[in-house]
Structures are given as structure tokens and as C-alpha cells.
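Colleague: I should like to learn how the features of a protein model are read. May we work through one together?

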Amino acid sequence: MDPVVLTLMRVAGSDASIPLPAYETPGAAGADLRANFPGQTGITLAPAQRALIPTGLAMAIPQGFEVQVRPRSGLALKHGIALVNSPGTIDSDYRGEVGVIVLNTSDAPFEITHGMRIAQMVVAPVVQAAFTLADSLDETDRGAGGFGSTGRT
């Protein structure tokens, strides 16, 4: 399978020494995104605090694809660092700087440093639906059963 070409651009004022997103292993689904705080060493998030972390990058995503921004499992497990809107979606027609909304769910402050790997991005295909309105829907075994309606097994 040929790779999807994602064109990246550094935004004005960003630190060009910060590495571009990269897959850390051959089997990785996500490429790591890094914090880009030009002129700063980073920020410290207090417990329960959230912040928009700049990446210094804008991208041209091919039509028919999106980029999903997801948490890094190590930061989540070891430090309680989560992404508020996970997965976050970057649409193919967005051309602004990519930012990552990070939340400290732990009871200790957490420092996000310049250049730190803060999230991962996954390129995914998108299918757009055609919406139609109906007076009724087809029947299923589940029916209108909602949250938890399928049992505990």
C-alpha cells in the first residue's frame, strides 16, 4: 500500500529544530506530535488544568482523509495526561496550526517541555454520508436499547 502524502508546513515563529511527526517503530499506527513553544522552555499544568499546546505545524490533508489526534498511552498511564477531545479530528480543509488540548488528570503538576512528544496523529480515511429522513427504521434485536442494554458479558 502506498503511503498517503501529508504536506506539512511550519507556522511562522515556530522552532524549526523540533522534529517533524514520526513513526517510532515500523508497525506504529500513530506518528508522534511534539510541543513547539518558541522562546519558552514549556509550561506546567496544575492538577485538573488543561491547555492548548502548539505544535508549530499546519498541514494539507488530502480530501477523503482526516488526521485523528490521540493520547500517548505512556503519558496517560504514568502521568494522567489525557486529551480532552480524544480523538480530535483535523479536517482535510483546515490549514491552521495544529494544537493539542491536553488535560492533567493527576493530582500532581506536570511539565510539558519544548519538543516533548505530547500526542500521536493517525491518518484515517473518511466516508461522508448522504442523510435521508424516514418515518420509521428497520427492526433489530437490540432495538432502542441504550447505554448498557446489551448486558455485562
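**Reading the model step by step**

Modeller: We may begin with the record: the UniProt annotation "domain: dUTPase-like", from an unreviewed entry, covers residues 18-151. Please keep in mind that this is a predicted model.

Colleague: How far apart are the end C-alpha atoms of residues 18-151, and how much of the span is helix and strand?

Modeller: The end C-alpha atoms lie 48 Å apart. The span is 5% helix and 36% strand.

Colleague: How does one read a sheet, and what is the order of the open sheet of three strands?

Modeller: In general, the strands of a sheet pair through backbone hydrogen bonds, either parallel or antiparallel. Here the three strands have the order 4-9-7, with antiparallel pairing. Strand 4 (50-54) and strand 7 (81-83) are the edge strands, since each pairs on one side only. Neighbouring strands of this sheet are turned against each other by 40° on average, direction ignored.

Colleague: How many bridges join strand 4 to strand 9, and which residue is the bridge partner of Ile53?

Modeller: Five bridges join strand 4 to strand 9 (residues 99-104), and the two run antiparallel. The partner of Ile53 is Val100, in strand 9.

Colleague: What is the order of the open sheet of four strands?

Modeller: That order is 2-11-6-8, again with antiparallel pairing. Its edge strands are strand 2 (31-34) and strand 8 (88-90), each of which pairs on one side only. On average, neighbouring strands here are turned by 35° against each other, direction ignored. Strand 6 (residues 65-70) pairs with strand 8 in the antiparallel sense over three bridges, and Val67 stands opposite Ile90 in strand 8.

Colleague: Where does UniProt place the feature "binding site"?

Modeller: The unreviewed UniProt entry places this feature at Arg72, Ser73, Gly74, Asn85, Thr89, Ile90 and Asp91. These residues are spread over 20 residues of sequence, and they are also spread in space, with up to 26.4 Å between C-alpha atoms. One of them, Arg72, lies in the loop between strand 6 and helix 1 (73-79).

Colleague: How is empty space found, and what is the volume of the largest pocket?

Modeller: Rolling a probe the size of a water molecule over the atoms shows where empty space is left. In this model, the largest pocket has a volume of about 330 Å³. It is lined by 15 residues, of which Pro3, Val4, Leu6, Tyr23 and Val123 are the closest to its centre. Strand 11 (residues 117-125) gives the largest share of the lining, three residues. By class, the lining has 14 nonpolar residues, no polar residues and one charged residue.

Colleague: Which backbone features deserve a second look?

Modeller: As a general rule, most residues other than glycine have a negative phi, and most peptide bonds are trans. In this model, the peptide bond from Ser86 to Pro87 is cis, with omega near -5°. Pro87 is in the loop between strand 7 and strand 8. Ala48 has a positive phi of about 70° although it is not a glycine, and its place is in the loop between strand 3 (42-45) and strand 4.

Colleague: Is Ala48 buried or exposed?

Modeller: The cut-off for exposed is over 50% relative accessible area. Ala48 has 60%, so it is exposed. Val5, in the segment before strand 1 (7-10), has 61% and is therefore exposed. Val5 and Ile61 are 56 residues apart in sequence and 7.9 Å apart in space, C-alpha to C-alpha.

Terms used: Residues are numbered from 1 along each chain as its sequence is written. This is a predicted model: local features need pLDDT of at least 70, side-chain atom pairs count only at pLDDT 80 or more; totals for chains, interfaces and linings use all residues. Side-chain values use heavy atoms; hydrogens and water are left out. UniProt positions are given in the numbering used here, feature names are shortened, and annotations may be inferred rather than shown by experiment. On a 1 Å grid over the protein atoms alone, a cavity is a set of points where a 1.4 Å probe fits but cannot get out, and a pocket is an open set with protein on both sides within 12 Å along at least five of seven lines; lining residues have an atom within 4 Å of a point. Grid points are joined across faces, edges and corners, and a volume is the space filled by probe spheres set on the points. Ala, Val, Leu, Ile, Met, Phe, Trp, Tyr, Cys and Pro count as nonpolar, Asp, Glu, Lys and Arg as charged, and the others, Gly among them, as polar. Two strands pair if DSSP finds at least two bridges between them. Axes are lines fitted to C-alpha atoms, for helices over the stretch in contact, and angles run from 0 to 180 degrees between N-to-C directions. Buried means under 20% relative accessible area, exposed over 50%, partly exposed in between (1.4 Å probe, protein chains only).
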